[in-house]
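Please open the structure in your viewer and keep the sequence panel visible. The tour below proceeds one selection at a time.

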Amino acid sequence: QVLLFCSALEVLAPQKEDKAPGDVQPDTSAFPKFEDKSPQEALDYQNKELNNGRLAMVAWTGAVVGAALDGGAHPFATLASKLGA
């Protein structure tokens, strides 16, 4: 499913030529624009986003490893049971 989604995203929403690689923000006012910031502010914002993503990956890895070590349910199964699915 993830591979199918990523493939569809590549076909349906290609990278614009005038944007930097990885800059896939939509052209709306709801998202901060790097063009409106100084180069240092833009770099700080990008670093904050990278660090948040890294923290999320570490947290997810910790949840999966913790469940595997103590024989508990996988985090997806736990979430589904709490949501009533």
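**The whole chain**

Begin with the entire chain: of its 85 residues, 8% count as buried, that is, under 20% relative accessible area with a 1.4 Å probe and protein chains only, whereas over 50% is exposed and values in between are partly exposed. This is a predicted model, in which local features need pLDDT of at least 70 and side-chain atom pairs pLDDT 80 or more, while totals for chains, interfaces and linings use all residues. Residues are numbered from 1 along each chain as its sequence is written, and side-chain values use heavy atoms, leaving out hydrogens and water.

Now colour by secondary structure. The chain contains 3 helices and 0 strands (DSSP runs numbered from the N terminus: H or I of at least four residues for helices, E of at least two for strands).

**Helix α2**

Select residues 39-70, which form helix α2. From its first C-alpha to its last, this helix of 32 residues reaches 47 Å, close to the expected 46 Å (1.5 Å times one less than the number of residues). Next, select G71, which follows α2 and has a positive phi, near 75°.

**The aromatic pair**

Which residues form an aromatic pair? Select W60 and F76: their pair is tilted, with 5.1 Å centre to centre and 45° between the planes. Rings of Phe, Tyr and Trp (its six-membered ring) pair if their centres lie within 6.5 Å; planes under 30 degrees apart are stacked, over 60 edge-to-face, and the rest tilted. W60 lies in α2 and F76 in helix α3 (residues 75-83), so the pair ties together parts 16 residues apart in sequence.

Finally, show the surface around both residues. W60 is partly exposed at 38% relative accessible area, whereas F76 is exposed at 56%.
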